[in-house]
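Subject: Structure for you to look at

Dear colleague,

I am passing on the structure we spoke about, and below it I have set out what was found. Please keep it open beside the text as you read.

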Amino acid sequence: MSRPIVLIAEELSPATVAALGPDFEVRNVDGTNRSALLAELANASAILVRSATMVDAEAIANAPKLKVIARAGVGLDNVDIKAATSAGVMVVNAPTSNVISAAELAIGHIFALARNIPDANASLKSGQWQRSKFTGVELYEKTIGIVGLGRIGTLVAQRLAGFGATLIGFDPYVTAARAEQIGVELVELDELMKRSDFITIHIPKTPETTGLIGAEQFSIAKPNLRIVNASRGGIIDEDALYQALKTNKIAAAGLDVFVNEPPTGSPLLELENIIVTPHLGASTDEAQEKAGISVAKSVRLALAGDLVPDAVNVAGGVIDPSVRPGIALMENMGQLLFGISGGNVASIDVEVRGEIAAHDVSVLKLAGLKGFYQNAVTEQVSYVNAPLLAESRGVEVRLSVDSKSEEYRNVTTIRAGLQDGSVYSVSGTVIGPKLIQKIVNINGYDIDLAVAKHMVLMIYSDRPGVVAIYGKAFAENNINIAAMQIARNSKGGKALSIITVDSPVPTEVLEQVAVAIDAEVLKAINLGLD
């Protein structure tokens, strides 16, 4: 009996091949040689790549036996995830392989800025001896601000703890108690900008975090501030950073990431008080080795039909067919819960009711956590690290099952308890032969609305004319309402309106509507749907 073919399209370590084991026929191809790649894909069950091989729709169409695409690293820009999902091909990566390397690079930038190491090196090698020109500063008794206290931010905090610096942090999704555990004082962003001598950034790039640090933040910073971004390009407004550095509003910056990579023509490269590296966060021998071994193990699991923790598009594993449709629903419900709760939670409960409760539904808890943390952290969220993300934030997670379901054949609920005792919840079900995902309850309000990519939730006092107000505002801004549900707790009491729209709603429109209808809650939730 022939063994499944595993195609290695780029150079990987011997340890990666060893981790695959003897159960596969391993073949090698130059992934940048398009014709050779397509020819080899015809019989491949799995392909392992780094960043140079384009596994696009054409490549996937030429691989009828392909079951898994493995990216030995974090980024997936070279993999067409949508095409892979449509073809039933699992995509896996190595989301935690580079966390230590990324943390250490950020600290390296901090030291380089503090002691002028790159410039002093260049000066000495050019034949100059300028000791006084490169006088630096100590980290001892300085205040270091950490923006984002996820896995990488926590590692940075742990490594800086021994330098006698004061550590402060900003992260709206981490509790003060958790921050205290890692030796960080939790503060708001403005306070962090005002107090910090050094700042290092470790958050994901989302619509909310893009341009998070701009001219307004630099205007309140210390003139001796040195800021580092080894996270994602664009979290610091590059134009504002240029002006702050050019006018000596702040002292210096270290960047490993940029809005456009490579940053050809960027005026930032012309400045003397900036240190730049070409996106080296994951560029260590150890990170590359870990990434290769990690995806090799995922390939073994995928081809054996087991649950693959680091699958980014589908859930593998021995999961009952009746449970499987609920996985995508739970991920979407987790994202929706994150959007309406704000993310800073003390507990998360997943409740499963109905016929599927007779089976192993633990994957639904994982799916809910994966969705909840999707937009809260820098690293790729997967089935394996979602529980770790909750644990690291001191969030208690529980799963309960009940075979009884009053209204639906099956219904799942994900509920978040906040530090102040308030509770948010989302319930949903999958119906019909087309497996349509429906939201059936939000915060105790009964609704019936299909899950969509762009949703807007409003809670306000029940009264006539509210729909006309926000309908007019959306129409004037060319935002089409696709579907709508309104529920209320009592006549004249609180009403909940949730609508789906064809495009994201700009922040200024949301603010306008919130004022116009005197909304208690008004939030846009953009789900990561294809």
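D402 is partly exposed, since its relative accessible area is 28%, and its side chain meets that of R353 in a salt bridge with 3.2 Å from N to O. The two residues join distant parts of the chain, as D402 sits in strand β14 and R353 in strand β13, 49 residues apart. R353 also counts as partly exposed, at 28% relative accessibility. Please bear in mind throughout that this is a predicted model, and that every value quoted here is computed from it.

The search for such pairs gave a count of 18 salt bridges, and I would draw your attention to a few others. K438 forms one with D448, where the closest N and O atoms are 3.0 Å apart; here the link runs from strand β17 (residues 436-442) to strand β18 (residues 445-450), with the two partners 10 residues apart. What is the state of each partner, buried or exposed in part? K438 counts as buried because its relative accessibility is 16%, under the 20% limit for that class, whereas D448 is partly exposed, with a relative accessible area of 40%.

E520 pairs with K494, the closest N and O atoms being 3.1 Å apart. E520 lies in the loop between α17 (507-517) and β22 (521-526), while K494 belongs to strand β21 (residues 494-501), so this salt bridge ties together parts that are 26 residues apart in sequence. K494 is partly exposed, with a relative accessible area of 31%. There is also a network of salt bridges, in which E25, R27 and E40 are linked. As general background, side chains of opposite charge can pair when their charged atoms come close.

Turning to the interior, the largest nonpolar core has 48 residues, and the members that touch the most others are L364, Y373 and I442. Helix α13 gives this core its largest share, namely 8 residues. Apart from this core lies another, of 30 residues, which includes V147, I168, I203 and I236. In soluble globular proteins, nonpolar side chains tend to be buried together. If you wish to inspect I442 more closely, leave aside residues up to four places away in sequence, and you will find that I442 touches L336, I340, S425, I447, L457, L496 and I498.

L364 brings us to helix α14 (residues 362-372), which is mostly covered, with 9 of its 11 residues buried. Among the buried residues of α14 are V363, L364, L366, A367 and F372, and K370 is buried there as well. Against which elements do the buried residues of α14 pack? They pack against helices α13 (325-341) and α15 (386-392), and against strands β13 (345-354), β14 (396-402) and β15 (410-418); two of these strands, β14 and β13, are the ones that hold D402 and R353 respectively.

The aromatic residues deserve a separate look, since the whole structure contains 5 aromatic pairs. One of them joins Y173 and F338, whose rings are tilted, with 4.9 Å from centre to centre and 50° between the planes. Y173 is in the loop between β7 (166-170) and α8 (176-181), and F338 is in helix α13, so the pair ties together parts of the chain that are 165 residues apart in sequence. F338 counts as buried, at 11% relative accessibility. Y173 and F338 also belong, with F372 and Y373, to one aromatic cluster.

Two further places may be worth a visit. I100, in helix α5 (residues 99-115), counts as partly exposed at 31% relative accessibility. Its C-alpha is 9.1 Å in space from that of G281, although I100 and G281 are 181 residues apart in sequence. Leaving aside neighbours within four places in sequence, I100 is in contact with L155, R159 and K290.

At the surface, V467, M484 and I486 form a nonpolar patch, with about 220 Å² of accessible area together. M484 is placed in strand β20 (residues 481-488).

With best wishes

Technical notes:
Residues numbered from 1 in each chain as written. Predicted model: local features only at pLDDT ≥ 70, side-chain atom pairs only at ≥ 80, totals over all residues. Heavy atoms only, no water. Buried < 20%, exposed > 50% of the residue type's maximum accessible area, 1.4 Å probe, protein only. Helix = DSSP H or I, 4+ residues; strand = E, 2+ residues; numbered from the N terminus. Contact = heavy atoms within 4.5 Å. Patch = residues over 30% accessible without salt bridge, like charges linked within 9 Å, V, L, I, M, F, W, Y side chains within 5 Å. Areas by Shrake-Rupley, 256 points an atom, 1.4 Å probe, with all protein chains shown as cover. Salt bridge = Lys/Arg side-chain N within 4 Å of Asp/Glu carboxyl O. Core = buried A, V, L, I, M, F, W, Y, C linked by side-chain atoms within 4.5 Å. Phe/Tyr/Trp six-rings, centres within 6.5 Å; stacked < 30°, edge-to-face > 60°.
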